[in-house]
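Colleague: I would like a close look at one part of this model, the open sheet and the helices described along with it. Please take it step by step and keep to what was computed.

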Amino acid sequence: MKRETQVVVIGGGVVGASVLYHLTEAGWTDVMLLERRELTAGSTWHAAGGMHTLNGDPNVARLQQYTIQLYQTIQERSGQDCSIHLPGGLMLADTEVRMDWLRMAQARGRYLGMELELITPSEAHDVFPLLDPQYFVGALYDPVEGHVDPTGVTRAYVKCAQQQGAEVHEHQPVVGLSQRPDGTWDVRLESGESVHTEHVVNAGGLWAREVGRMVGIELPVLAMEHHYLITEDMPEVAAQNARTGHEMPMALDFAGEIYIRQEGGAMLMGTYEQACVPWSPRETPWDFGSQLLAPKMDRITPELSVAFKHYPAMETIGLRRIVNGPFTFSPDGNPLVGPVRGLRGYWVACGVMAGLSQGGGVGLALAAWMTAGDDNDTGMDIWAMDVARYGDYATLAYTNAKVQENYRRRFRITFPNEELPAARPLLTTPIHDRLTAANAVWGATFGLEHALWFQRPGLEPFEEVTFRRSNAWEPVAEEVAAVRERAGMTEISNYAKYRVTGPGSEAWLSSLLTARMPAAGRITLTAMLNESGRIVGEFTVARPSEADEFYLFGSLPAEVHHSRWFRHHLPADGSVRFEVLGLGLTGLSVTGPLARDVLAAVAPDLDLSTEAFPFMTFRRVDLGMIPALVARINYSGDLGYELWVAPEYQAALFDRVLAAGEPHGLRLFGMRALMSLRLEKSYGTWFREYRPIYSIPEAGLQRYVKLDHDFIGRAAYEAELARGPERRLVAFVVDPEPDDPADVIGDEPIWHGDEVVGWVTSGGYGHHVGQSIALGYVPAALATPDGPGASGFEIEIIGRRRPARLQPEPLFDPQGLRMRA
Ligand SMILES: Cc1cc2nc3c(=O)[nH]c(=O)nc-3n(C[C@H](O)[C@H](O)[C@H](O)COP(=O)(O)OP(=O)(O)OC[C@H]3O[C@@H](n4cnc5c(N)ncnc54)[C@H](O)[C@@H]3O)c2cc1C
């Protein structure tokens, strides 16, 4: 066994094995995997082996697609049988709403190149005769679904990696990790010896928390108990196999919260039961090995009784085996992948709940990230799996609450306007009670509560969940009208805020950001790129004075993601200090044509005239008695101010603005109205229009770039600008179905003629302009209204192709006169 290696992967489950394989594929062959017991001795050995492509996030779906396609390759190269079965799969809908969901899934699949087919209950019965069609309204058939042997797959990955030079050692528990001053790691073994390495990968599966604790971090991972049953051989299965000549497809039955598939001549059926139970919620015992948990059949009785109705033959057949085993989940059910902030060379690949669907993609993404380095483009968008999507709020108890919620909802629809209740409220700002008293309907992002909209007095602050327009429609329309016609106030504490100080701050920010840094008292909008010119951040930068002090405002869910990047690039000489301000700075936004009159009443001594306080000004001023940072900028695209204050002043400021606004008809508004307002201006938003798969020329953000300085990604930007982008972000006006109007929610396919040419990034209804709006990416050749894209676009909304026309300029105030007024 070597004592020096470039990478140590801790954990020989399907995920660790995949990471090892993909590292060798990427050319890193001096790599080692250490497994505590035998390979697969965590959750992998007892997995049911099922795999499928569909995922709520198209980027994760792409990686699942990749995983399934990979099995043939590793089986052939390793000579290890993976027992690959691809009989296809059915998703069974019992309600019209679920059918809508399937229609949307089918549509999303179109731009991923998936051939998904909607079929009737009797067609479903034809291919899966165990089901009783009376309980279903339809199904979605995916030909690329199936199952593999988890142990075979793990061994195949490992053998392929070994062929390239990787070392694999079983019965080598890692008992500790320590980092040397140069950032490299000593991986301590039970024997007392250690291996020195540059990179450590935590693929500890059931023990990922423990391997995290070895370096002082608490990863948001929790294991849940999970049951599946294997029946005796069934004559119905044999008959169907004989009739069709092939294996029966798998089936996902949403109403029964059941998955069911053929296993030899029998059936395997598992359930995500409502009475779910976490396993070892605080720590995973080290002496747990290839063992199972005692079955608790009473826990799954309600789901079984639905299954017996839906699949009557299952009620009478005997059981050959009952499996109850634990496996891990993150709070939202997606994996945790990537580098951990502040810990150079420590990477995670854990919380992988569907290792057989996702393990390949996780390994590919992590290996690409490690070998290319953080600055480089991996060509993948793995935000949905990035460990940085959780902050310090994701404690053990938070994770416990969210994982249970997610497990119970595994087969439930989460609507685009749905806010899940577990672990809430957690983070709140000082005006939370005031907004509640104003009948706010709450949402939460990154643990922080924010007002979505305000219900009318006397009505319950509750939003119906739907794919269509909800009961929020009218109140949000009124909020938008107040902003466009008079004035509105909303809370903006749910932005990420950073402060950069020190003599090197301007030069350092300039080296990372595309715009020229603002002069004293000014604001600039900017992007942050990786070496390949892809957008890794989008910020407002503001400088209150001549001093070396800059404020950056960005997207809250990206707070850890962005601060990881900033910290990674900090100069070693101490000339720059980077702080995450979090709720140390809280904000209110006052906007609308009368916003200046409102603010003038709060701060009569302040000259707010455009001459004295023009658009894009940023100053430290007193608003009456309240010290504040005031920005003349607004995401609504109207005259407006962002007011930033220390949290202890926020309630007082709120009261004063509300009182000053009353004679002007000021109204509180929430995030839903703000989204409608920004769509009318075609403003993009982080994680939707701007993500690390898009570039500046594609996103049309050239105005964010000043080529008077060097910055990461500049060369790639200039090269792309010279050759022209292949796709472009555009806005559409969509004609919704008149009798059943629904707006886009994101991820819908964009058709041109009979071809899917792009996808929607976000959209909704512009209440002031009275139009349904969609933003999305299409081939550059189609992106100009006087080119071939002049007509012929359609956007598929809930299974219906609706006419859409390019909207080259913002629908509201295209010249931007209102915000400058
Ligand atoms: C009943 C059941 C059914 C399932 N069905 C499916 C399914 O149909 N499809 C699907 O995709 N997924 C399924 N899963 C989930 C699947 O099992 C997991 O997604 C997968 O096993 C995760 O793999 P992993 O490598 O992350 O973790 P693990 O398999 O837990 O592997 C982690 C490995 O790390 C080792 N390790 C930990 N700490 C150390 C240390 N300090 N030193 C050395 N080694 C260490 C462990 O011994 C272990 O071998 C199922 C799970 C269960 C329980």
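Modeller: What follows goes through the sheet, then two helix pairs, then one aromatic pair. The model is predicted.

The sheet is open and has six strands, arranged in the order 29-30-31-28-22-32 with mixed pairing. Strand 29 (618–623) and strand 32 (667–668) are its edge strands, each of them paired on one side only. Inside the sheet, strand 22 (residues 488–491) runs antiparallel to its partner strand 28 (residues 586–591), and four bridges join the two. In this pairing M489 has V590 of strand 28 opposite.

Helix 17 (residues 647–661) lies across the sheet strands: strand 22, strand 28, strand 29, strand 30 (626–631), strand 31 (640–645) and strand 32. Relative to strand 28, helix 17 runs at about 20 degrees.

Next come the helix pairs. Helix 13 (residues 473–485) and helix 18 (residues 671–680) have axes that come within 9 Å and cross at roughly 60 degrees. The two helices are therefore classed as oblique to each other. The crossing of helix 13 with helix 18 is right-handed. On the side of helix 13 the contact uses V476, E479, V480, V483 and R484, and helix 18 contributes R672, A673, S676, L677 and E680. Sorted by class, this contact of helix 13 with helix 18 holds five nonpolar, one polar and four charged residues.

The other pair is helix 1 (residues 14–25) with helix 10 (residues 355–372), packed at an angle of about 40 degrees with the axes 8 Å apart. That angle makes helix 1 oblique to helix 10. Their crossing is right-handed. Helix 1 makes the contact through V14, V15, S18, V19, H22 and L23. From helix 10 the contact takes in G355, L356, G359, G360, V362, G363, L364, L366, A367, M370 and T371. The residues of this contact of helix 1 with helix 10 divide into ten nonpolar and seven polar, with no charged residue.

Last, the aromatic pair. A search of the whole structure gives 35 aromatic pairs. One of them joins Y21 and Y157, with 5.7 Å from centre to centre and 45 degrees between the planes, a tilted arrangement. Y21 sits in helix 1 and Y157 in helix 5 (residues 150–163), so the pair ties together parts that are 136 residues apart in sequence.

Terms used: Residues are numbered from 1 along each chain as its sequence is written. This is a predicted model: local features need pLDDT of at least 70, side-chain atom pairs count only at pLDDT 80 or more; totals for chains, interfaces and linings use all residues. Side-chain values use heavy atoms; hydrogens and water are left out. Two strands pair if DSSP finds at least two bridges between them. Contact means heavy atoms within 4.5 Å. Axes are lines fitted to C-alpha atoms, for helices over the stretch in contact, and angles run from 0 to 180 degrees between N-to-C directions. Angles under 35 degrees count as roughly parallel, over 145 as roughly antiparallel, 65 to 115 as roughly perpendicular and the rest as oblique. A crossing is left-handed if the near helix is turned anticlockwise from the far one by less than a right angle, and right-handed if clockwise. Ala, Val, Leu, Ile, Met, Phe, Trp, Tyr, Cys and Pro count as nonpolar, Asp, Glu, Lys and Arg as charged, and the others, Gly among them, as polar. Rings of Phe, Tyr and Trp (its six-membered ring) pair if their centres lie within 6.5 Å; planes under 30 degrees apart count as stacked, over 60 as edge-to-face and the rest as tilted.
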